[in-house]
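Me: I'm new to this structure and would love a close look at one part of it. Could you walk me through the sheet in chain A and what surrounds it?

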Amino acid sequence: MKMMLGVIDATTYMEPLQNLAAHRSVAAVPFAGRYRLIDFVLSNMVNSGIESVAIFPKYQYRSLMDHLGSGKNWDLNRKRDGLFFFPSPDLPLPSSQIGAFQHFEQHIDYFLRSKQKYALICNSYTVCNIDYRLVLELHIASQCDITEVRYQGRSLEMFVLETSLLLDLIANRVQTGYNSIGDVVHNPFHSLNVCHYEHDGYVAVIDSVESYFHHSLQLLQPDVWKQLFIQSRPIYTKVKDEPPTQYTADAVVKNSMIANGCVIEGHVENCIVFRGVKIGKGAVVKNSVIMQKTQIGERCELEYVIIDKDAKVENDVKITGAEHRPFIIRKGTVQGALMNQ
Amino acid sequence: MGKKKCIAMLLAGGQGSRLNSLTKQLAKPAVPFGGKYRIIDFTLSNCTNSGIDTVGVLTQYQPLLLHSYIGIGSAWDLDRRDGGVTVLPPYSESSGVKWYEGTAHAIYQNINYIEQYDPDYVLILSGDHIYKMNYAKMLDYHIEKGADVTISVIEVPWSEASRFGIMNTNEQMEIIEFEEKPVHPKNNLASMGIYIFSWPLLREYLQIDNNNPHSSHDFGKDVIPLLLHEGKRLVAYPFKGYWKDVGTVKSLWEANMDLLNPECELNLFDHMWRIYSVNPNQPPQYIAAYASVVSSLVNEGCVIEGEVEHSVVFQGVHIQKGAVVKDCVVMPDATIGENVYMEKAIVPSALEIPAGTVIRPSMPEEIVLVTKEWLEQQRSETIEKG
């Protein structure tokens with residue numbers, strides 16, 4: 001469907017997620033063993049036939065750019081259309097809502113040059129598997145000005161509108177006082193016809209460390225991951241040439257999601273384990289999220305922890321966090337046995 | 001096109017008939033290996049890791065999957081503006097279609113491809129072997145020794161020497177005699193089928209060989225003996241490390257099992273010498289609460305609900321509740337039904353093993369290659385008994 005433009009607002013800064021997003025944009029927070037948050041919305045767009053995607057990042061977007069590259073992994077390295085990257089000028093954004101018109105205006109040529117009749121504007125941190133073609137169908141059939149995707153009555157910050165209306169809203173933002181697409185939709189006094197599309201199926205909105213941890217461990221329920229990982233609508237990500245995961249003779253693994261390139265010598269239970277993780281002999285790791293390339297030493301006992309990427313936990317470390325307050329080991333740090341909590 | 005110092009010609013047209021049904025619809029180099037790879041990934045990765053950026057891949061037998069797998073070579077970083085991977089199937093000329101009649105004939109037919117790059121050296125490879133090797137070092141050796149041809153050799157156990165092409169060398173590692181599968185081997189240095197030729201010499205001898213109506217146009221059988229006979233300088237390059245010809249069902253199974261041995265020299269986890277492949281992009285593997293996985297390699301996209309012990313499991317495999325998989329190789333997208341018991345078997349891609357099936361070899365040293373026909377036969381036998 002060449003009818004829709006995809007616009008991903010990756011400018012969001014979230015204080016409650018700060019411990020995982022100190023050096024990366026929220027869109028680049030690792031999730032579900034081998035993905036970054038942005039992979040879900042981007043794959044949904046591609047799987048819905050969208051061939052032109054604009055990404056508007058702001059904070060700390062190095063890791064995001066590294067992850068997306070030319071867009072090849074999403075089949076977006078195209079001669080016509082494809083993936084566009086529009087970093088924010090260093091302006092204070094006047095709105096906390098997504099879809100800031102001021103930011104869009106800086107790159108207005110993209111919208112002017114695009115031939116697509118409709119635009120889809122999304123945030124970067126809503127994890128779900130959705131077919132946007134159905135949203136567009138409803139939008140057209142109901143003759144709406146703006147269609148908002150909702151889940152159980154809550155806005156998922158995904159909006160479909162005509163590109164021409166978007167251009168009007170951007171051009172007239174000073175007169176109307178609307179600074180973002182969110183401002184428009186959530187203002188009860190506007191004169192536009194706003195419709196709602198109710199998504200049914202799994203949704204995770206990642207807006208705090210607590211929700212991150214909760215939704216990560218939820219993925220271990222087969223009925224949850226089956227709703228997210230649908231064979232006909234795969235989630236794409238940057239591929240790494242990691243070998244299959246190796247389980248040694250002493251490995252014990254229960255109810256866990258494990259990515260490639262790991263070496264598991266210990267006991268892993270109710271965990272999400274990212275690519276290239278090493279878990280040493282005699283270590284017991286439960287109810288935790290272990291990000292890529294982290295090494296966990298021998299005989300460690302870890303429960304309710306989030307270990308960010310490239311961290312090293314030395315031998316014999318014991319850490320127990322809480323279900324609603326997981327202990328976080330930051331990216332690239334070394335956690336020694338004597339540094340406990 | 002720019003001049004290249006050394007280009008590789010990779011012979012990937014082999015049928016691999018001793019792999020039985022595994023190669024019924026695909027060429028041997030495309031056979032899955034090691035939980036994620038295809039056999040040819042090792043040679044292509046060796047090329048890219050050795051800095052060889054121009055590789056001609058000669059295909060003939062069942063090339064569809066192999067061609068689409070290789071694509072433009074981007075998986076191995078061989079999609080280059082100048083050089084890169086070129087797939088070279090047999091082609092027709094005004095005189096008719098010429099199938100590749102032997103390894104030397106296949107190269108002879110592609111002299112035009114090689115000439116484009118005006119190389120000093122040509123590396124001849126086979127896409128049938130599992131090993132990691134730095135061809136750049138072999139090329140340095142070739143140049144240092146002032147050789148016309150350098151042949152990579154590996155020490156094999158004396159008891160197995162009569163299964164290989166054996167190189168008899170002097171103390172300077174010059175090859176003085178080549179014996180194909182000798183009954184009484186004088187040496188245990190086996191040819192690995194890896195040759196570096198100085199291109200002008202190779203070009204000349206390909207022409208001579210092609211003009212000889214009695215030749216079978218094979219490097220090992222015809223070209224190498226001729227060069228020896230004419231007193232050319234052939235030197236053996238001793239290779240140390242893991243190398244395996246996975247030409248039979250048993251050796252394919254053994255090489256997979258080797259990966260599970262912690263002492264194995266073939267380290268897939270070495271980031272300095274990665275083995276690249278076309279990544280399947282599937283979700284992480286899910287190991288259920290009642291599953292167990294030990295001493296195994298498991299790839300992404302798998303759902304493991306049963307017991308897996310000492311096995312290699314490729315992407316997208318589903319092992320259901322109560323199933324026991326021991327010493328097995330399970331190829332992509334296969335399903336192992338509930339309460340299946342299987343031991344020492346290879347399950348080909350996308351095969352479904354019905355619930356309750358028992359698979360084990362009838363003789364202890366055998367390996368079962370499970371096929372649809374085999375499963376049907378088992379079922380009808382059970383019905384007869386019942």
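Reply: Happy to! Two strands count as paired if DSSP finds at least two bridges between them. Please keep in mind that this is a predicted model.

With that rule, 7 strands of chain A form an open sheet, in the order E5-E4-E1-E6-E9-E8-E10, and the pairing is mixed. At the edges stand strand E5 (82–85) and strand E10 (194–198) of chain A. Each has a single partner strand, so one side of each is left without a neighbour in the sheet. On average, neighbouring strands of this sheet are turned by 25° against each other, direction ignored.

Let's look at one pair inside that order. Strand E1 (residues 4–10) and strand E6 (residues 118–123) of chain A pair in the parallel sense, over 6 bridges. To find the place by eye, start at A:Leu5, which stands opposite A:Ala119 in E6(A).

Now for the helices. Helix H1 (residues 37–47) of chain A packs on the sheet. There, H1 touches E1, strand E4 (52–57), E5 and E6 of chain A, and the direction of H1 makes about 175° with that of E1(A). Helix H5 (residues 132–141) of chain A lies across E1, E6, strand E8 (146–151), strand E9 (154–162) and E10 of chain A. The angle between H5 and E9(A) is about 65°.

H5 and the edge strand E10 also lead us to a disulfide. How many disulfides does a search of the whole structure find? The search finds 1 over all chains. A:Cys144 and A:Cys195 form a disulfide, with their sulfur atoms 1.9 Å apart. A:Cys144 lies in the loop between H5 and E8 of chain A, while A:Cys195 is in strand E10 of chain A, so the pair ties together parts that are 51 residues apart in sequence. Is the disulfide of A:Cys144 and A:Cys195 left-handed or right-handed? The torsion about its S-S bond is about -100°, so the disulfide is left-handed. A residue counts as buried under 20% relative accessible area. A:Cys144 is therefore buried, at 8%, and A:Cys195 is buried too, at 13%.

A:Cys122 has no such bond: its sulfur is 8.5 Å from the closest cysteine sulfur, in A:Cys128, which is too far. At 1% relative accessibility, A:Cys122 counts as buried.

Finally, step back to the nonpolar residues. In soluble globular proteins, nonpolar side chains tend to be buried together. The largest nonpolar core here has 144 residues, and those with the most contacts inside it are A:Phe31, A:Tyr132, A:Tyr212, A:Ile296 and B:Ile336. The largest share of this core, 7 residues, comes from H1(A), the helix that packs on the sheet. For a sense of the surroundings of A:Tyr212, its contacts beyond four places in sequence include A:Leu17, A:Phe31, A:Phe274 and A:Ile306. A second, separate core of 80 residues includes B:Ile40, B:Ile154, B:Leu189 and B:Val235.

To retrace the tour, begin at the edge strand E5 of chain A, cross the parallel pair of E1 and E6, and end at E10, where A:Cys195 sits.

Key: Residues are numbered from 1 along each chain as its sequence is written. Chains are lettered from A and ligands numbered from 1 in the order in which they are written. This is a predicted model: local features need pLDDT of at least 70, side-chain atom pairs count only at pLDDT 80 or more; totals for chains, interfaces and linings use all residues. Side-chain values use heavy atoms; hydrogens and water are left out. Helices (H or I, at least four residues) and strands (E, at least two) are DSSP runs, numbered from the N terminus. Axes are lines fitted to C-alpha atoms, for helices over the stretch in contact, and angles run from 0 to 180 degrees between N-to-C directions. Contact means heavy atoms within 4.5 Å. A nonpolar core is a set of buried Ala, Val, Leu, Ile, Met, Phe, Trp, Tyr and Cys residues joined through side-chain atoms within 4.5 Å. Buried means under 20% relative accessible area, exposed over 50%, partly exposed in between (1.4 Å probe, protein chains only). A disulfide is a pair of cysteine sulfur atoms within 2.5 Å.
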